[in-house]
There are 2 protein chains.
Amino acid sequence: MNKIVTISREFGSGGRELGKRLSDALGVPCYDNEIIEMITKEHGFDADYVAQISESGLKAMYPLTIGRRFSTSYTGLEQQVQVVVAQRKIIERLGEQGDCVIVGRCADVILAHLKPLRVFVYASQASKLDRCRKRAAESERLTPLEMERRMRRIDKNRAEQYDLVGGADCGARGSYDLCVNTSGKEIKTLIPALAEYARCWFGESGGGI
Amino acid sequence: MNKIVTISREFGSGGRELGKRLSDALGVPCYDNEIIEMITKEHGFDADYVAQISESGLKAMYPLTIGRRFSTSYTGLEQQVQVVVAQRKIIERLGEQGDCVIVGRCADVILAHLKPLRVFVYASQASKLDRCRKRAAESERLTPLEMERRMRRIDKNRAEQYDLVGGADCGARGSYDLCVNTSGKEIKTLIPALAEYARCWFGESGGGI
């Protein structure tokens, strides 16, 4: 069975960087935004549109006028569901293809039958705000309050996507094999240990992943 | 500053074994029941009495008759509080003495000023029941229901002891640096990775703890 590491994370905790660095250390591919590119390429959706569904969730694009909910926007919602289904199928295919690290997108639930090492990355609110501030481009600088709102919105939408794929409580420790607190830590300092954890987990300490 | 690893755990998750094996791998002392021995030796309390307070908490020894709460048993409670205070002082001293692993006893909160690596060990209910069943002596075999009750009672009392020392929510991931799910795993298979995690955490990957 393929050895798969899934990275679930709180927004701003450094989960994306951790996934990429861990895959480099293990010598396996990392799938993160690459999945958006695959959906775009294989199904013809616009990349920004797909990314927006990931960040804002399905409901955010419902029309505000309830009376119109099942008229003009039904097609819009249908298309969004198609994106979610396409994403699920791509993740299933990636899981069958070979050893890999997959960041986000409920891959831990979608690939549960392949017994992945399910890592959850989290951090204190202060640490997450600091990380977001440092990585934000000048053009998209948000105030701390705006940033906190954005973090809350994204985490909420991620949790809703867990509901959609039938996952258990998003962020509850029982849903993961290892929960890593990155508060005040440089991600790269934790990578040798996490790579070793993956090797121990899959029963090959000292060998490949 | 000394490098201290604290192990908090759910009853039956294998936290005690994990702490002992990790301390062996790191080449530092492990303090677990040794702390009970120290309290016994230094303060003259009976070892079983001290162990019982650890397992049953302070309140379990309150008299059932409320009217007598502040008469005959006040002294009993006072003595129990003395045990808790003695334990805290011993843990503070151990933290000052040198690198070590400390299992349970709210050491993560008591030694927070020394910035320990705070590990939380947990497992699924089925896995914990299975572990308890395997390690129980023939003479103290409990039914699954009795065992579940015991697990709940001990976890509840541990959480109450956190309240007593002023710790945050016991078991909440924000209170720990690393949360390890031992469900279905042999503890010893995880030790090389956890030892590496401790070394990475303290910034000495490849060296001593």
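Select M147(A) and display its surroundings in this predicted model. Setting aside the neighbours within four places in sequence, M147(A) touches L129(A), C132(A) and L142(A). The residue belongs to helix α7 of chain A, which covers residues 144-165. Is M147(A) buried or exposed? Its relative accessibility is 6%, and M147(A) therefore counts as buried, the limit being under 20%. For a sense of distance, add L22(A) to the selection: the C-alpha atoms of M147(A) and L22(A) are separated by 27 Å, and the two residues are 125 apart along the chain.

**The helices around M147(A)**

Next, select helix α6 of chain A, residues 125-135, together with α7(A). The axes of these helices are 10 Å apart, and the packing angle is about 105 degrees. An angle of this size makes α6(A) roughly perpendicular to α7(A), because values from 65 to 115 degrees fall in that class. To view the contact itself, show the side chains of Q125(A), K128(A), L129(A) and C132(A) on α6(A). Their counterparts on α7(A) are P144(A), M147(A), E148(A), M151(A) and D155(A).

**Chain A as a whole**

Now colour chain A by secondary structure. It comprises 8 helices and 5 strands. Followed from the N terminus, the order of elements is β-α-β-α-α-α-β-α-β-α-α-β-α. Of the 209 residues in chain A, 48% are buried. What share of the contacts in chain A between residues at least 6 apart in sequence join residues at least 24 apart? The share is 73%.

**Helices α1 and α8 of chain A**

Move to helix α1, residues 15-26, and helix α8, residues 187-201, both of chain A. Their axes come within 9 Å and cross at roughly 55 degrees. This angle makes α1(A) oblique to α8(A). The crossing of α1(A) past α8(A) is right-handed. On the α1(A) side, select E17(A), L18(A), R21(A), L22(A), A25(A) and L26(A). On the α8(A) side, the contact is made by I187(A), K188(A), I191(A), L194(A), A195(A), A198(A) and R199(A). L22(A), the residue used earlier for the distance to M147(A), is thus found again in this contact.

**From chain A to chain B**

Keep α8(A) selected and add helix α8 of chain B, residues 187-201. The two axes are 8 Å apart, at an angle of about 180 degrees. How is α8(A) oriented relative to α8(B)? At that angle α8(A) is roughly antiparallel to α8(B). From α8(A), the residues to display are T189(A), L190(A), P192(A), A193(A), L194(A), E196(A), Y197(A), C200(A) and W201(A). They meet T189(B), L190(B), P192(B), A193(B), L194(B), E196(B), Y197(B), C200(B) and W201(B) of α8(B). L194(A) takes part here and also in the contact of α8(A) with α1(A).

Stay with W201(A) and select K185(B). The lysine lies over the face of W201(A), 3.9 Å from the ring centre. A further charge from chain B is found at Y122(A): the charged end of R173(B) sits over that ring, 5.4 Å from its centre.

**Aromatic rings**

Over all chains, the structure holds 6 aromatic pairs. One of them joins F45(A) and Y49(A), whose ring centres are 6.1 Å apart and whose planes are at 35 degrees, a tilted arrangement. F45(A) is buried, with 11% relative accessible area, and Y49(A) is likewise buried, at 15% relative accessibility. Then select F120(A) and Y122(A), a stacked pair with 6.3 Å from centre to centre and 25 degrees between the planes. F120(A) and Y122(A) are both buried. Adding Y176(A) completes the view, as ring pairs link F120(A), Y122(A) and Y176(A) into a cluster.

**C106 in both chains**

Finally, select C106 in each chain. Most residues other than glycine have a negative phi. C106(A), not a glycine, has a positive phi of about 60 degrees. C106(A) occupies the loop between β3 (100-103) and α5 (107-110) of chain A, and its relative accessible area of 5% marks it as buried. In chain B, phi of C106(B) is also positive, near 55 degrees. C106(B) lies in the loop between β3 (100-103) and α5 (107-110) of chain B, and C106(B) counts as buried at 5% relative accessibility.

Conventions
Residues are numbered from 1 along each chain as its sequence is written. Chains are lettered from A and ligands numbered from 1 in the order in which they are written. This is a predicted model: local features need pLDDT of at least 70, side-chain atom pairs count only at pLDDT 80 or more; totals for chains, interfaces and linings use all residues. Side-chain values use heavy atoms; hydrogens and water are left out. Rings of Phe, Tyr and Trp (its six-membered ring) pair if their centres lie within 6.5 Å; planes under 30 degrees apart count as stacked, over 60 as edge-to-face and the rest as tilted. Buried means under 20% relative accessible area, exposed over 50%, partly exposed in between (1.4 Å probe, protein chains only). A charge sits over a ring if NZ of Lys or CZ of Arg is within 6 Å of the ring centre and within 35 degrees of the ring normal. Axes are lines fitted to C-alpha atoms, for helices over the stretch in contact, and angles run from 0 to 180 degrees between N-to-C directions. Helices (H or I, at least four residues) and strands (E, at least two) are DSSP runs, numbered from the N terminus. Angles under 35 degrees count as roughly parallel, over 145 as roughly antiparallel, 65 to 115 as roughly perpendicular and the rest as oblique. A crossing is left-handed if the near helix is turned anticlockwise from the far one by less than a right angle, and right-handed if clockwise. Contact means heavy atoms within 4.5 Å.
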